[in-house]
Each structure stands twice: as C-alpha cells, then as structure tokens.
Amino acid sequence: MAVFNKNSGLLLLLIPLVLFGNTLYGPCLRLAIWVLEMVTERGVWLPLEEHYGELGYDHLLSSMNSFGLAATVFGFILVQYLLFCSLEWNSESLSGLNSYQKLVGSLFQVVNSRHSGENVVDLSLLSPAILVVFIVMM
C-alpha cells in the first residue's frame, strides 16, 4: 500500500472497510439491526437481538458490549494516532506529503497496524518509540 500513500481518497475508503470487517463487525451488526428495527417498525428483529446465543450466532454482542468494544477500539486508535502524529510528523517516513496526506496516511497506518497489517510508510524509518506503540497496540 506504500505506493498509494498520496491517494487519500482510496485510504479513506479502506479505513472503514478494515474496521467494519474486523473488530467492529459485532457492533456494526448490532447497529444494522437497530436501524432495521427503526425502519421497519416491526418486532421481527427482536428475537434475533435477544436470543442470539441460543441461535448460535455469537458475533452479535449485547448492546452494552458492542458499545464498550467500539469505544475501546476508537480510544486505542485516537491514542495511537495522536502519538504517531506528534512523533513522526517531520520524520523521513512522511516526507514528500502535504499536511492533509500526512493526516490521512497517519490515520490509515494507525488503523492498519492493529487490524490488517498494511503499511503506507516504511516501518524501518519509524522511530523506536512508535514501533513499540505499534507492538503494544497489536
């Protein structure tokens, strides 16, 4: 993905796909059921929502667990993003990018370090502190 580090549109499209297809699958499924309940205004989704364990579908978490998982994921991403931007903003790994491309590239790098392992920067050019953060966050 390093060749796409200047293509901010593609990176912004891939970030939600990586998140929703990985850790946030359960909370997004819960959100989709909630939206369908609001749109259809019928109680057909209620048995699935209440008895997901008995139906053998363990990916559907309870509402509280879904909210906790989403808050944890976004909290970790925010902490890692702030550390990455503050420590690597003027580094060689992000050289040649304008400010917007650095912001989007940093967000993509942070999200993918925890979820899919794709890189838009050369990891050998990152500071040891950021590498430790990446290892801890994995």
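Which residues make the nonpolar surface patch of about 510 Å²? The patch is made by L31, W34, V35, M38 and V39.

The model is predicted, with local features needing pLDDT of at least 70 and side-chain atom pairs counting only at pLDDT 80 or more, while totals for chains, interfaces and linings use all residues. Residues are numbered from 1 along each chain as its sequence is written, and side-chain values use heavy atoms, with hydrogens and water left out.

**View 1. The nonpolar surface patch and M38.** L31, W34, V35, M38 and V39 form a nonpolar patch of about 510 Å². Patches are made of residues with over 30% relative accessible area and no salt bridge, joining like charges within 9 Å and nonpolar side chains (Val, Leu, Ile, Met, Phe, Trp, Tyr) within 5 Å. A salt bridge is a side-chain nitrogen of Lys or Arg within 4 Å of a carboxyl oxygen of Asp or Glu. Accessible areas come from the Shrake-Rupley method with a 1.4 Å probe, and for residues only the protein chains shown count as cover. M38 lies in helix 2, residues 25-40 (helices are DSSP runs of H or I with at least four residues, numbered from the N terminus). M38 counts as partly exposed because its relative accessibility is 48% (buried is under 20%, exposed over 50%, partly exposed in between, with a 1.4 Å probe and protein chains only).

**View 2. Helix 5 and its packing.** Helix 5 covers residues 99-114, 16 in number, and spans 23 Å from first to last C-alpha, close to the 22 Å expected at 1.5 Å a residue (the expected span is 1.5 Å times one less than the number of residues). Its buried residues include Q101, K102, V104, G105 and S106. These buried residues of helix 5 pack against helix 1 (8-20), helix 4 (63-88) and helix 6 (128-137). At the start of helix 5, a side-chain oxygen of N98 comes to within 3.2 Å of the backbone nitrogen of Y100.

**View 3. Q109 in helix 5.** Q109 is located in helix 5 and is buried because its relative accessible area is 1%. A polar atom of the Q109 side chain lies 3.0 Å from the backbone nitrogen of V120. Leaving out residues up to four places away in sequence, Q109 touches F84, E118, N119, V120, V121, L123 and F134 (contact means heavy atoms within 4.5 Å).

**View 4. L107 and V110 in helix 5.** L107 is in helix 5 and counts as partly exposed at 25% relative accessibility. Apart from neighbours within four places in sequence, L107 contacts I15, I77 and Y81. The C-alpha atoms of L107 and L12 are 8.8 Å apart, with their positions 95 residues apart in sequence. V110, also in helix 5, is buried with a relative accessible area of 0%. Not counting residues up to four places away, V110 touches I77, Q80, Y81 and F84.

**View 5. S91 in the loop between helix 4 and helix 5.** S91 occupies this loop and is buried at 16% relative accessibility. Its side chain makes polar contacts with the side chains of E88 at 2.9 Å and S93 at 2.8 Å. A polar contact is a pair of N or O atoms within 3.5 Å; within protein, one must be able to donate a hydrogen and the other to accept it, and residues adjacent in sequence count only if both atoms are side-chain atoms.

Key
Helix = DSSP H or I, 4+ residues; strand = E, 2+ residues; numbered from the N terminus.
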